[in-house]
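Biologist: I've got this one open on my screen. Could you walk me through it and tell me how each label was earned?

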There are 4 protein chains.
Amino acid sequence: MMFIINQGVSDMQVQLFRDEFEEMGYRTIFCPGADMTAIGLIGNTNALEVSHIVETHEIIRSGTRVSEPYKLVNRLFHPNNESITVNKVVFGEGHFQVISGPCSVESEEQIIEVARSIKKSGATVLRGGAYKPRSSPYSFQGLHEEGLKLLSLAKKETGLPLITEMTNINQLKYFDDVDIIQIGARNMQNFDLLKEVGHCRKPILLKRGLYNTIDEFLMSAEYIMAGGNENIIFCERGIRTIETLTRNTLDISAIPLLKRKSFLPVIIDPSHASGIRSLVAPLSRAAIAVGADGLMIETHNNPSKALCDGAQSLDLIQFEELMKDIKRRMEFEGKSN
Amino acid sequence: MMFIINQGVSDMQVQLFRDEFEEMGYRTIFCPGADMTAIGLIGNTNALEVSHIVETHEIIRSGTRVSEPYKLVNRLFHPNNESITVNKVVFGEGHFQVISGPCSVESEEQIIEVARSIKKSGATVLRGGAYKPRSSPYSFQGLHEEGLKLLSLAKKETGLPLITEMTNINQLKYFDDVDIIQIGARNMQNFDLLKEVGHCRKPILLKRGLYNTIDEFLMSAEYIMAGGNENIIFCERGIRTIETLTRNTLDISAIPLLKRKSFLPVIIDPSHASGIRSLVAPLSRAAIAVGADGLMIETHNNPSKALCDGAQSLDLIQFEELMKDIKRRMEFEGKSN
Amino acid sequence: MMFIINQGVSDMQVQLFRDEFEEMGYRTIFCPGADMTAIGLIGNTNALEVSHIVETHEIIRSGTRVSEPYKLVNRLFHPNNESITVNKVVFGEGHFQVISGPCSVESEEQIIEVARSIKKSGATVLRGGAYKPRSSPYSFQGLHEEGLKLLSLAKKETGLPLITEMTNINQLKYFDDVDIIQIGARNMQNFDLLKEVGHCRKPILLKRGLYNTIDEFLMSAEYIMAGGNENIIFCERGIRTIETLTRNTLDISAIPLLKRKSFLPVIIDPSHASGIRSLVAPLSRAAIAVGADGLMIETHNNPSKALCDGAQSLDLIQFEELMKDIKRRMEFEGKSN
Amino acid sequence: MMFIINQGVSDMQVQLFRDEFEEMGYRTIFCPGADMTAIGLIGNTNALEVSHIVETHEIIRSGTRVSEPYKLVNRLFHPNNESITVNKVVFGEGHFQVISGPCSVESEEQIIEVARSIKKSGATVLRGGAYKPRSSPYSFQGLHEEGLKLLSLAKKETGLPLITEMTNINQLKYFDDVDIIQIGARNMQNFDLLKEVGHCRKPILLKRGLYNTIDEFLMSAEYIMAGGNENIIFCERGIRTIETLTRNTLDISAIPLLKRKSFLPVIIDPSHASGIRSLVAPLSRAAIAVGADGLMIETHNNPSKALCDGAQSLDLIQFEELMKDIKRRMEFEGKSN
């Protein structure tokens, strides 16, 4: 960290400031100038906050963090891209995966029909919600353990690996058959949950919060990795902005930025990002072109009867059509499953 | 709910639409017109989503929700203001309470000194964080159970009721001495936690999420109340906007709006809303004038050494000064402790 | 427009409401129901505001606009896509154009060198700022008329049509050689200027405001078209959100949405959207894939010496490289210049 | 400005960097350290952009601006508060003024009735729109010159000084009787207009843009002051956020911040900030308490017939009631007209 000292500060005051931080184990460097003076702080400054130091020390005018506050997920200390393999399905370099399935698991018939169909169309991972965080207590909350059992049946039937959302670590005992644990947007800063899944060894799909910056997204991944779990896939799913025609605003720039700042795979969820069925195809095309490692797309065997988010779900025929285009584009980009 | 039907739709299609919802138990009304036609849906539509129905029925052009999706917290069904009493401290009609204390409990000496001083200055509830949700895993996370024990000592010493944040229902067993459970901004849509504290009988202070609308804030209170806990205090603490000089933007309009839409007490946290010590006093003055039922203000015996959020904490003398002004204003507004 | 009437309203009150609007020339339809009642308003409601009517009539509980407030730019009344031809360069169906050049025209040498180079690389329109809206009065404000003369020289030299920003209608007399008038983001709701360029016959490139919704964007185009100028190209250039790593957040979903709601061409400006040079290429790839009709990309012969926005400008070699990729992708998408 | 240099940079590269800026007239200071090194840039850096320099110089890792980019409006160089006197009405220190009147001037009868009534209730300045920037070309655009004539009549009748919005400098010839020129929110970054009113000598009321930061607000005032006009009053009128119940979100914290950073008067417009009549009174109370120098409140003799923004206008009786409360509060705060 670098700090600028106010004019007219005495040598004594500067020395007291340096002493304070040297006692805490930092080294300080002093850069005197004609009109202004700077002090640098060397060491692990992750636990310090610039604004705090500026506000609590009268002699300091302003400050800036020189290094980024995350380190385990930082490309600076880990220059190569990392791939994550889930039941032979590879997320990362040279691969492009499409996760698909219904917002909620509703019945055996539904999930089996969807799983068979999306597999045939080319999806490589099956999604389906069993524990649903809904903003109204009166909305359908998911089938819970029963939903997980139905997902297991669909996995047995099709061989597709499973991803589903966990909202509480107490659910872990039911997750034996689940291959990727999803942490939803509203839990991106549920730090208790992040710590707990950091102790799992299953891969984590971490969705960006509706109002979180990319730096906060990286810090949440850092929480998981600090617990020992290095298998993290980022999922950009739109942020809340002043635009109201779409449910959220897909931040497509987040993909190249996350890839520059970290070494982990990044996918896009065009269904939740837009909330509009007819935008899923164009946003999926943009996702491949911008360099994402995959997509998560909601499908349903009967969207008009879906118990949640039907407005953004593709039906199985629409998904089949989209996958034909996606495969053509994967080939163009030199990517395979 | 009201829906507008596209032009050129056949009577048969309209009948099918009406049948679908009448089978679900709703009554429908049909309003034919020259250039457009409307259908109304009567019954408990809380579980329905307008956008879903519009997108999944081709004959429908647009729709609108006539009634608000929350009912237990809705003033419409509960016209009188409700007060909440905590250890003889009353939140609501005619009262104004100031909650104060440090961001984090750090030591016995600290919390006792702060508690004694703020009580003398006029605070009526003691706050102090034991479980701290921090955006970096490397920041100080609180003293946990040890912090709660220190809070109990301060309560014993001063008689002040206690408020502290709960981040996980497993912490409940340590909360015997706590009088108000705080649900933090990042957990406002942690629906699992909301359901669980809905089964407690302790009052809940619910902080508004950084990116949540007032309607979502009301829905989160509805979650708690649906569990049986009717003692909820709203806390406006700023939302994230494009302004970056302040940590968040205090949404002062939320106070009269929450009071119009619900019957529950509402307080303001000017410390987290601004993140800047010198704004705490002017925002506190605005809070009383706009009609809030209280304040939550961070104080510390030595802000420059605070382990978190020192930049926004008042020292004990500054708090004493502020309280003199607040008392004068309470008298002007006809409010008492 | 549809309005829902409060319960317990008398027939007399309803009649007065209907009379008020029928006197204004609207027809009303009345839809009585058991628990609620609706009134529809038929006619040109563009000049009415729903919220105004609700707030000013006690008998009304809520209202909704059935039709969109723009009509000239609305696809509903103009189902076919429209192309715009500028000096033989076609924007729209089956075409993809790349506009390029420096943020500011700085010297004859600079603009001629850039124009020659980008033409060789494949750009089809030359951009260059002469009147620069800058947030600081102390920043370089452009060369004004002198800049326009230099642009004319570059056009004469290369044959490339010109686009440049107009900030004031008084500049029109210098715009003889300019082929497309750009209305900048900060002027998207400068309604005086919109009306004035509505009386020109030159094509208008209308940039989206930093904080404007897509509906407002369409209304600003409606302003221009209401003046008689039907040659409008939309340009999405990012909106301001909570993300601060990028200068703005490119709203990629705006492209399919604008194409669904209107019939006009839409291009993307990845340079201003991100403010970061290394994001220009990935965002350009996303733009073609999502269905945009073109790109506007900042280039400079010496970005490190650029008088404005150098950080986002490509140098001429980087642009040449990017254009090779863009041509390959245009072919894949079946588009040509 | 301070810059941090990447590790492993040669002395030669550093020297080239220093030479570049010393040739431009800056002085540089060099602060070597063990693990990192800093360079400071001394001089008038207002025309430089930190991000530009960082992106265009490979040896630089990060940078920060030490001083604020505005100087004429900066309290640092002008420590005392400044008052602005308009026809004996004083904005600033110890005073509190209420500007009131209709959104639009509609007829002689209307403006005279409103002017007489608000004067009697205690308003000290009359507002009324003649040139109305409306987001739809089909909405009422104001009476233009005719409206200004009607305002003059009302001024003659009541003696109240006038404020009205200017959207184009060509209107200046009609502004002889106008005492304060209002620059509307959508024109806050219409830099051409700012420069032009900078050459007037009439006081300017500058409204904050819907999506502009406080720093940008200050820079727009700097534009006006750079032209020689030092009589500027800031008006906070809400910014656009994710909250949709209110038209905008009143940023109440902007008042103490603007007063800390500048020396100019600041008022609040609660009518446009909320767009809801019932919020005008509570927000007005908060405005006085937080330290604003005045209010701008919309009134109408018949809000339900108002040609614009009726939903937020008080009727003349409501305004009279509000003014009684405001006077009581002015006395409490030690402020007078």
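Modeller: Sure, and keep in mind that this is a predicted model. Start with helix α1 (residues 11-23) of chain A, which lies across β1, β2, β3 and β4 of chain A.

Biologist: What angle does α1 make with β2(A)?

Modeller: The helix runs at about 155° to β2(A). Angles go from 0 to 180 degrees between N-to-C directions.

Biologist: And the strands beneath that helix, what is their order in chain A?

Modeller: They form an open sheet of four strands, β2-β3-β1-β4, with antiparallel pairing.

Biologist: What makes β2 and β4 of chain A edge strands?

Modeller: β2 (27-31) and β4 (60-64) each pair on one side only. From one strand to the next, the twist averages 20°.

Biologist: How do you know that β1 and β3 of chain A count as paired?

Modeller: Pairing takes at least two bridges found by DSSP. Strand β1 (residues 2-5) and strand β3 (residues 37-42) of chain A have four bridges, in the antiparallel sense, so they qualify as a pair. In one example, Met2(A) has Gly40(A) as its bridge partner in β3(A).

Biologist: Now the two chains. Why is their relation described as a two-fold rotation axis?

Modeller: A turn of 180° and a shift of 0.0 Å along the axis lay chain B on chain A with an RMSD of 0.0 Å. The two copies are therefore related as by a two-fold rotation axis. Both copies use the same surface: 100% of chain B's contact residues recur in chain A.

Biologist: Which residue of chain B comes closest to the rotation axis?

Modeller: That's Tyr211(B), with its C-alpha at 2.8 Å.

How values were computed: Residues are numbered from 1 along each chain as its sequence is written. Chains are lettered from A and ligands numbered from 1 in the order in which they are written. This is a predicted model: local features need pLDDT of at least 70, side-chain atom pairs count only at pLDDT 80 or more; totals for chains, interfaces and linings use all residues. Side-chain values use heavy atoms; hydrogens and water are left out. Copies are superposed by least squares on the C-alpha atoms of residues with pLDDT of at least 70 in both. Contact means heavy atoms within 4.5 Å. Helices (H or I, at least four residues) and strands (E, at least two) are DSSP runs, numbered from the N terminus.
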